[in-house]
Amino acid sequence: MATALAPAPARSAREVYRDTVAELLPGEPRLVVLDSDTGLFGGVDFGSAADRYLNLGIAEHTLMGAAAGLAREGRIPLVNTMGAFASSRAVEAVKIDIAMGNLPVLIAATHCGVSAGHLGPTHHALEDIAVMRALPHMTVVVPGDAAGTEELLRQALTLGGPVYLRMGRGATPDLPAGPPLRLGKAQRLREGTDVTLAACGPYPVLAALEAADLLAAEGISATVLHLHTVKPLDTPALLSALGVRDTVITVEEHWRSGGFGSAVAEALSAVRPVRVHRIALPDEFVPVAGSQRYLLERGGVSAREIAARARASVETGPGGPR
């Protein structure tokens, strides 16, 4: 039976983030919003909390340092910038000022992956998961849709440490209903017996679900795991989904090196022999402009490619092809 996917919602994850922050700010005096002239909060009425919205301009390194200072004084800063800038231009300040002190700063990164595909490779964030998950104390969260963004944001603000919240630019379809979202716990969106598909991020999860439908038509049953928290990774859920099988296929909107697939490979290989087939964007700068979905398809992050890898794994028996 095909998985019914809802049409794209009216609001994107970043817009849901914005509206949730606007709702939370007046009631929580410790929250402070630091912006880098993103335009996301243009026209937002913060009411009595308006003085806790600060636009520092296009100065991302300074933004992180200011957030760290506020956090040390008992505030909970929410830093807003594009993922490409958070994970490259400002990463020294993230590392030294925020992560080293284990400070409760939430970095709200937008335009991640190739969601800013029309702006070219300078604005793609395809290294950010690798960079952020390497930092001690950092929690890395990749919501799968707009509704999940609100729930995971609310949970992340209670952690008491640094968080990287990875969002795209435009609206994406809602994921089908699954178990309640819990930070650090995978969602099992589909039960299967033959192969495990593990994905993070809106379009990768949708592609995994579509691939499961393609495989089902051929008599191949796939488990689909939605791992919205990349760090800490829910290794027990992955092991449970694998069962006696030794192969998992990961799907992500990131370069192949160092991202979600690498995190899964590291976690599982430390426990038992396992093969991880990683569906991700190739190790190259994307040379063309285009929509997010077009660039993902062009880079091989597609239901067709996932199904082909899964089919080969099942047909060749334990281990599958390298």
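This report walks through helix packing, empty spaces and two backbone features in a predicted model.

**Two helix pairs**

Two packed helices are described by the angle between their axes and the distance between the axes. Let us begin with helix α7 (residues 202–216) and helix α11 (residues 303–315), whose axes lie 8 Å apart at an angle of about 55 degrees. The two helices are therefore oblique to each other, and the crossing of α7 and α11 is right-handed. On the α7 side, the contact is made by Ala 207, Ala 208, Glu 210, Ala 211, Leu 214 and Leu 215. From α11 come Ala 303, Arg 304, Ile 306, Ala 307, Ala 310 and Arg 311. Sorted by class, the residues of this contact are 9 nonpolar, no polar and 3 charged.

How do helix α2 (residues 60–72) and helix α4 (residues 91–99) cross, and within what distance do their axes come? The axes of α2 and α4 come within 8 Å and cross at roughly 5 degrees. Angles under 35 degrees count as roughly parallel, so that label applies to α2 and α4. Here His 61, Met 64, Gly 65 and Ala 68 of α2 meet Glu 92, Ala 93, Val 94, Asp 97 and Ile 98 of α4. The contact of α2 with α4 has 5 nonpolar, 2 polar and 2 charged residues.

**Empty spaces**

Rolling a probe the size of a water molecule over the atoms shows where empty space is left. For this model, the count comes to 3 cavities of 30 Å³ or more. The table sets out the volumes of the largest pocket and of two cavities.

| Space | Volume |
|---|---|
| Largest pocket | about 250 Å³ |
| Largest cavity | about 180 Å³ |
| Second largest cavity | about 50 Å³ |

Which residues lie nearest the centre of the largest pocket? They are Ala 207, Glu 210, Arg 293, Glu 297 and Ala 303, out of 14 lining residues. Helices α7, α10 (292–298) and α11 each supply at least two residues of this lining, and α7 gives the most, with 5 residues. The pocket thus brings us back to the first helix pair: Ala 207, Glu 210 and Ala 303 also take part in the contact of α7 with α11. By class, the pocket lining divides into 9 nonpolar, 1 polar and 4 charged residues.

The largest cavity is lined by 19 residues, and Arg 166, Met 167, Gly 168, Pro 202 and Gln 292 lie nearest its centre. Helix α7 appears here too, since the elements giving two or more residues to the lining are α6 (146–156) and α7. The lining of the largest cavity has 8 nonpolar, 7 polar and 4 charged residues.

Around the second largest cavity we find Leu 281, Pro 282, Glu 284, Val 286, Leu 295, Arg 298 and Gly 299. By class, this lining has 4 nonpolar, 1 polar and 2 charged residues.

**Two backbone features**

Most residues other than glycine have a negative phi, and most peptide bonds are trans. Two places in the model are worth a look with that in mind. The peptide bond from Lys 231 to Pro 232 is cis, with omega near 0 degrees. Pro 232 sits in the loop between β10 (229–231) and α8 (235–242). Asn 102 is not a glycine, yet has a positive phi of about 50 degrees. The loop that holds Asn 102 runs between α4 and β4 (106–110), and α4 is the helix that α2 meets in the second pair above.

How values were computed:
Residues are numbered from 1 along each chain as its sequence is written. This is a predicted model: local features need pLDDT of at least 70, side-chain atom pairs count only at pLDDT 80 or more; totals for chains, interfaces and linings use all residues. Side-chain values use heavy atoms; hydrogens and water are left out. Axes are lines fitted to C-alpha atoms, for helices over the stretch in contact, and angles run from 0 to 180 degrees between N-to-C directions. Helices (H or I, at least four residues) and strands (E, at least two) are DSSP runs, numbered from the N terminus. Angles under 35 degrees count as roughly parallel, over 145 as roughly antiparallel, 65 to 115 as roughly perpendicular and the rest as oblique. A crossing is left-handed if the near helix is turned anticlockwise from the far one by less than a right angle, and right-handed if clockwise. Contact means heavy atoms within 4.5 Å. Ala, Val, Leu, Ile, Met, Phe, Trp, Tyr, Cys and Pro count as nonpolar, Asp, Glu, Lys and Arg as charged, and the others, Gly among them, as polar. On a 1 Å grid over the protein atoms alone, a cavity is a set of points where a 1.4 Å probe fits but cannot get out, and a pocket is an open set with protein on both sides within 12 Å along at least five of seven lines; lining residues have an atom within 4 Å of a point. Grid points are joined across faces, edges and corners, and a volume is the space filled by probe spheres set on the points.
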